[in-house]
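Please open the model in your viewer and keep the sequence panel beside it. The tour moves from the whole chain to single residues, with a selection to make at each stop.

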Amino acid sequence: FNKGLVPWLAKHNSYSTMEAHEAVRVISGSLWEQVRRAKRGDEASRRRAVKNLSFFLPFRALARFCYMYFLRMGMLDGWAGFHYAAMISMYEYWIELKIRDERRPSREATERLVEKMLAEAAR
């Protein structure tokens, strides 16, 4: 937070977009493949597989808040700990929203229509 709140939000907005793209790729694959990867391989592969498994969980944002605030003892930091846990859970919620947006069937049709309208307006 040394640069302020607005840069943090902008940075995490772009990170959430990248995470959502990765999540859509992972979700379109097999859950059991991620489970198998989490059980074998080197440490980095296992960590990545566990992260990928989190994309299959419902209520990721709430789970992240509880993890940061209670298990990681953010509550001991007072309001700062609460705000940080809330902001991290908000980041997870952005990812969930962007995943839903990317997987929405109307997205491609809307993008084609926008491109068509822009092309017509450019003439």
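The stops below begin with the overall fold and then turn to one helix, two loops and a few single residues.

**The whole chain**

Before selecting anything, keep in mind that this is a predicted model. Show the chain as a cartoon and colour it by secondary structure: there are six helices and zero strands, and reading along the sequence gives the pattern α-α-α-α-α-α. The radius of gyration of the chain is 18 Å, well over the 14 Å that the globule rule gives for 123 residues, so the chain is more spread out than a compact globule. If you reduce the display to the C-alpha trace and turn it along its principal axes, the spans come to about 60 × 40 × 25 Å.

Now switch to a surface display, where the chain exposes about 9000 Å², with carbon and sulfur atoms supplying 62% of that area. Buried residues account for 26% of the 123 residues. Among contacts between residues at least 6 apart in sequence, 62% join residues at least 24 apart. Colouring by charge brings up 22 positive and 14 negative charges, and the mean positions of these two sets are 3 Å apart.

**Helix α4**

Select residues 60-71, which form helix α4, and show their side chains. Which residues of this helix are buried? They are Arg60, Ala61, Phe65, Met68 and Tyr69. Because these residues cover an arc of only 145° around the axis, they sit on the same side of α4. Adding α3 (43-54) and α5 (79-103) to the selection shows the elements against which the buried residues of α4 pack. Then rotate to the face of α4 turned away from its buried side, where you will find the exposed residues Leu62 and Leu71.

**The loops on either side of α4**

Most residues other than glycine have a negative phi. With that in mind, select Phe59, which is in the loop between α3 and α4; although Phe59 is not a glycine, its phi is positive, at about 60°. Is the residue buried or exposed? Phe59 has a relative accessibility of 62% and therefore counts as exposed, the cut-off for that class being over 50%.

Move next to Met73, in the loop between α4 and α5, which comes just after α4 and takes a positive phi of about 60°. Met73 is likewise a residue other than glycine. Its relative accessible area is 42%, so Met73 is partly exposed.

**Arg46 in helix α3**

Go back to helix α3 and select Arg46, which has its place there. Arg46 has 28% relative accessibility and so counts as partly exposed. What does Arg46 touch, leaving aside residues up to four places away in sequence? Its contacts are Arg37, Ala38, Lys39, Arg40 and Gly41. To get a sense of distance across the model, draw a C-alpha to C-alpha line from Arg46 to Lys116: these two residues are 70 residues apart in sequence and 44 Å apart in space.

**Val35 in helix α2**

Select residues 31-39 for helix α2, and within them pick out Val35. The relative accessible area of Val35 is 22%, so this residue is partly exposed. A line drawn between the C-alpha atoms of Val35 and Met90 covers 26 Å, for a separation of 55 residues in sequence.

**Tyr15 in helix α1**

The last selection is helix α1, residues 5-27, in which Tyr15 is found. Tyr15 has a relative accessible area of 35% and is therefore partly exposed. How far apart are the C-alpha atoms of Tyr15 and Glu33? They are separated by 25 Å, while the two residues are 18 residues apart along the chain.

Terms used
Residues numbered from 1 in each chain as written. Predicted model: local features only at pLDDT ≥ 70, side-chain atom pairs only at ≥ 80, totals over all residues. Heavy atoms only, no water. Helix = DSSP H or I, 4+ residues; strand = E, 2+ residues; numbered from the N terminus. Rg over C-alpha atoms; globule rule 2.2 N^0.38 Å. Buried < 20%, exposed > 50% of the residue type's maximum accessible area, 1.4 Å probe, protein only. Contact = heavy atoms within 4.5 Å. Areas by Shrake-Rupley, 256 points an atom, 1.4 Å probe, with all protein chains shown as cover. Lys, Arg positive; Asp, Glu negative; His and termini not counted. Charge placed at Lys NZ, Arg CZ, Asp CG, Glu CD. Arc of directions from axis to C-beta.
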